[in-house]
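Here is a quick walk through a small report on one model, written for someone who would rather look than calculate. Have the viewer open as you read.

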Amino acid sequence: MKKQVKPILLILDSLALLTFIATFTPLALPTNTTGPFFIGVPYTMWVGFLISIIFVVLAYLVSLVNKEGTHAD
């Protein structure tokens, strides 16, 4: 029997996909730019760190949505 996909999972998956796509755009990887600096850390590094935190939070939220008593199918 096929389980129904929860709408919240579709939203979280879409956010993860958009974040993944944004990771490789000039938003996160500007060309020929090192500034602005935040506490001495270049832009690319702190944006990459922020993106990794977003992925961890999204993975945690997905694990909360998928929490069930049994996972055997």
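In this protein, residues 24 or more positions apart make up 55% of the contacts that have a separation of 6 or more. Keep in mind that this is a predicted model. The protein has two helices and zero strands. Of its 73 residues, 14% count as buried. The accessible surface comes to about 6,100 Å², and carbon and sulfur atoms hold 74% of that.

**Helix 1**

Helix 1 covers residues 7-23. With 17 residues at 1.5 Å each, helix 1 should span 24 Å, and its end C-alpha atoms sit 25 Å apart, so the two values agree. Which residues of helix 1 are buried? They are Leu9, Leu12, Thr19 and Thr23. Looking down the axis of helix 1, you find these buried residues within an arc of 90 degrees, so they line one face of the helix. That buried set packs against helix 2. Over on the other side of helix 1, Pro7, Leu17 and Leu18 are exposed.

Alanine 16 also belongs to helix 1. Buried is kept for residues under 20% relative accessible area, and alanine 16 has 23%, so it counts as partly exposed. Set aside the neighbours within four places in sequence, and alanine 16 is in contact with Phe55 and Leu58. Leu58 is one of the buried residues of helix 2.

**Helix 2 and what follows**

Helix 2 runs over 43-65. Its 23 residues reach 33 Å from the first C-alpha to the last, close to the 33 Å expected at 1.5 Å a residue. Tyr43, Val47, Ile51, Leu58 and Val65 are buried in helix 2, and the buried residues of this helix pack against helix 1.

Valine 47, in helix 2, makes a handy example. Is valine 47 buried or exposed? At 10% relative accessibility, valine 47 counts as buried. Past the end of helix 2, in the segment after it, you come to asparagine 66. Asparagine 66 has 33% relative accessibility, so it goes down as partly exposed.

Here are some pairs that are apart along the chain, with their C-alpha distances:

| Pair | Separation in sequence | C-alpha distance |
|---|---|---|
| Alanine 16 and isoleucine 54 | 38 residues | 8.4 Å |
| Asparagine 66 and leucine 9 | 57 residues | 8.5 Å |
| Valine 47 and alanine 28 | 19 residues | 6.1 Å |

The table ties back to the helices: leucine 9 is among the buried residues of helix 1, and valine 47 is among those of helix 2.

**The nonpolar patch**

Now turn to the surface. Which residues make the nonpolar surface patch? Leu17, Phe20, Ile21, Phe24, Leu29 and Phe55 do, and together they give about 600 Å². Helix 1 supplies the largest share of the patch, with three residues. Leu17, a member of the patch, is also one of the exposed residues on the other side of helix 1.

Isoleucine 21 lies in helix 1 as well. Why can isoleucine 21 be called partly exposed? Its relative accessible area is 46%, and residues count as exposed over 50% and buried under 20%, so isoleucine 21 falls in between. Phe55 is a patch member too, and it is one of the residues that alanine 16 contacts.

Technical notes: Residues numbered from 1 in each chain as written. Predicted model: local features only at pLDDT ≥ 70, side-chain atom pairs only at ≥ 80, totals over all residues. Heavy atoms only, no water. Patch = residues over 30% accessible without salt bridge, like charges linked within 9 Å, V, L, I, M, F, W, Y side chains within 5 Å. Areas by Shrake-Rupley, 256 points an atom, 1.4 Å probe, with all protein chains shown as cover. Salt bridge = Lys/Arg side-chain N within 4 Å of Asp/Glu carboxyl O. Helix = DSSP H or I, 4+ residues; strand = E, 2+ residues; numbered from the N terminus. Buried < 20%, exposed > 50% of the residue type's maximum accessible area, 1.4 Å probe, protein only. Contact = heavy atoms within 4.5 Å. Expected span 1.5 Å × (residues − 1). Arc of directions from axis to C-beta.
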